[in-house]
Amino acid sequence: MSYRVAMDIGGTFTDVVCYDERTGAVTASKAPTTPGDLADGVFAALGRVVGDPSEISFFVHGTTQGLNALLERKGSRVLVLASEGGRDVYRIARGNRDRMFDLRYRKPEPLVPRRHVMEAAGRLDYRGHELVPLDEDAVREAARRARDERFDAVAVCLLFSYVNPEHEVRAGRILREELGDDVQVVLSHEVAREWREYERTSSSVLEAYTGPVVRHYLAGIERRFAERGLRVPVHVMQSSGGLVNAAYAMHRPLQTLLSGPVGGTMGGVAAARLLGRENAICIDMGGTSFDVSLVVDGRPDVNAEARIEGHPVLMPIVNLHTIGAGGGSIACTEAGALRVGPQSAGAVPGPACYGRGGTQPTVTDANVALGRVDPSWFAGGLLTLDAEAAGAAVADLAGELRLDPLQLAEGVCAVANAKMAQAIRTLTVEHGLEPRDFALVAFGGAGPMHAAFIAQELGISEVVVPRFPGAFSAWGMLQADVRRDLTDPYYRPQESLDGGDMSQRLVWLEREALAALAAQGVPEDRRRVEHAVEMRYEGQDYTLTIPLRDATEPAQAGFLECIAARFAEAHTGRYGHATPEAPVEFVMLRSTGFGSFPRAAAPEAGAAGPQEVGVRDVIFDGEVHRTPVLRRAGLSGELEGPAIVVEETATTVIPPGCLASVDGNGFLIVKVDK
């Protein structure tokens, strides 16, 4: 067996990348996604890159099953079991408002109505000592209700279970005895062994809400593999940027919530490593959305918590920012001005140029009208575009705004580019990072078309376009490590710190992480563990995560001074200031186990040969430029803009004044004229 295969299952297409370990060849393709049974699309895509599926040695994929269930509010019916007196923790949530000046602000609607929350007596104190025994009869009553009313999942969220999970473990045992495997039982300390009652409850509810959908999907994929005699283990991308096998993903399905988009981030990490760059901004522009993520100091930008559709989640998650800006984003008038997105034409009817009945102008239509897309070889020739329909749609909107059609088309692209540049500033400038210190890695079907213009707006000097940009997220999954994250609540003020005790706790976490990697099939010589501690100044509410050299560092002399200085440096980087003389507090220990697999090589540029397929009139800044259209395969040497580079999965636009070249890894490097 020699094929390593990765797959990114999107709403319209399923992208697949195959790496042949014998020859080093990388191939990519796609097949239509089959919403009725996603496995059909999976095997259709496999058939396009692998002749004999029995030769697959490794399979990983990203899925948005859980995320789609959340976005569409089509998740499972959940019953929540809370501590007596804590029934309204989930509904009350937090008192702060995310948008202070929004007069129409409303809290996100809870996924579980109040009538589906039950209570059970039993109480632990903040140290985990039992004050009142668990009321097991109340737990059994919850089980009866879950069975009688046909709930799909039960989320158990008891006070202080993150310190001592004894009550939750007992409640879970009773529920499983009463309900069997028909109802998923979620225990909050297993989902997030962290403080903050509302956030832990929200995370548990999210896992219960999306879990049955994800488990059903993964079980179906494994069953279909078995029916075809394929014994390769199925792996799944996690929201943290790591991999786990399907068995663990079914046990902890919340970890897969952003499974699809983060593949591109891990591809960005690999690309930055191959290019020798420390920092990169990863942009993934598809038909509907625009995703931004960062590579900082050669590592993915990962947060310990996030909000998804307004619901807090306590788990390591790649810091992604998404806006409604894609090739299908619709341009329209609003209060006499031009607006682009977030409404999208989708795949059906799609942009007007698709010829499927769409009449509203989109970003793709604007690019077609400007000559920046080759209508006869769109998506590698899979689709021939109707340039006249695109021009007519743009002209209709231009008439409403009393503009020249080509002027409007450039305006549509400029507005979309400005929105995407602002999305990048949200993750960089607003966090004290300078975009000019980063390379811009552009992928997705539409990303390379707009990347140079976005870079010009942000003052970024270099754009990197990988091979197969439309399938780059799938390639990124072949670069990821197996990852397991463990936490241990460890609240200690500075004056009470026992470095030896902290070190012992970290050593215990390290043993647990290594055992978890072994259970994932990672060879011993490919396992490693990294440690960190969450800290804050006394009186602060939120923390910063500070890396440790190893598990023994806290026991070494001078540790407190070193970690306090490290924290002050991180605080300055994040907030622009620090108070070195102020006492600090330790809140949480974090240990992350990594297990590496052989990585797929970068796709080759392809055999040299004639690249130019024609010359077109293309509009840049209101002027017509005679612009060569070239095939990406075999492209070599330097290429001065303007130029259009086409390939199977994307089109790259190189504006006038920019200089492009292909490096030894097959990446198209565009030096941007600012």
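Begin by selecting helix α9, residues 262–275, in this predicted model. Twelve of its 14 residues are buried, so α9 is largely enclosed by the rest of the structure. To see which residues these are, colour Val262, Gly263, Gly264, Thr265, Met266, Gly267, Gly268, Val269, Ala270, Ala271, Ala272 and Leu275, the buried residues of the helix. From its first C-alpha to its last, α9 reaches 20 Å, close to the 20 Å expected at 1.5 Å a residue. Next, step just beyond the end of the helix to Gly276, where phi is positive, at about 75°.

The second stop is a pair of helices. Select α4, residues 136–148, together with α5, residues 166–179. Their axes lie 9 Å apart, and the two helices pack at an angle of about 40°. That angle makes α4 oblique to α5. Viewed as a crossing, the passage of α4 over α5 is right-handed. Now display the side chains at the contact. On the α4 side, show Glu136, Val139, Arg140, Ala143, Ala146 and Arg147. These meet Arg170, Ala171, Ile174, Leu175, Glu178 and Leu179 of α5. Sorted by class, the contact of α4 with α5 comprises seven nonpolar and five charged residues, with no polar ones. While examining the spacing of such positions, recall that an α-helix has 3.6 residues a turn, so residues three or four places apart point the same way.

For the third stop, centre the view on Thr362, in the loop between β20 (337–344) and α10 (363–369). Is this loop residue buried or exposed? Thr362 is buried, and its relative accessible area is 1%. To display its surroundings, select Gly327, Gly328, Ser329, Ile330, Ala331, Ala345, Pro351 and Val412, which are in contact with Thr362 when neighbours within four places in sequence are left aside.

The final stop is Val78, in strand β5, residues 78–83. Val78 is buried, with a relative accessible area of 3%. Which residues are in contact with Val78, leaving aside its neighbours within four places in sequence? They are Val112, His116, Phe151, Ala153, Ala155, Ala208 and Tyr209. To close the tour, keep Val78 selected and add Gly444, which is 366 residues away in sequence. A distance drawn from C-alpha to C-alpha between Val78 and Gly444 spans 36 Å.

Key. Residues are numbered from 1 along each chain as its sequence is written. This is a predicted model: local features need pLDDT of at least 70, side-chain atom pairs count only at pLDDT 80 or more; totals for chains, interfaces and linings use all residues. Side-chain values use heavy atoms; hydrogens and water are left out. Helices (H or I, at least four residues) and strands (E, at least two) are DSSP runs, numbered from the N terminus. The expected span of a helix is 1.5 Å times one less than its number of residues. Buried means under 20% relative accessible area, exposed over 50%, partly exposed in between (1.4 Å probe, protein chains only). Axes are lines fitted to C-alpha atoms, for helices over the stretch in contact, and angles run from 0 to 180 degrees between N-to-C directions. Angles under 35 degrees count as roughly parallel, over 145 as roughly antiparallel, 65 to 115 as roughly perpendicular and the rest as oblique. A crossing is left-handed if the near helix is turned anticlockwise from the far one by less than a right angle, and right-handed if clockwise. Contact means heavy atoms within 4.5 Å. Ala, Val, Leu, Ile, Met, Phe, Trp, Tyr, Cys and Pro count as nonpolar, Asp, Glu, Lys and Arg as charged, and the others, Gly among them, as polar.
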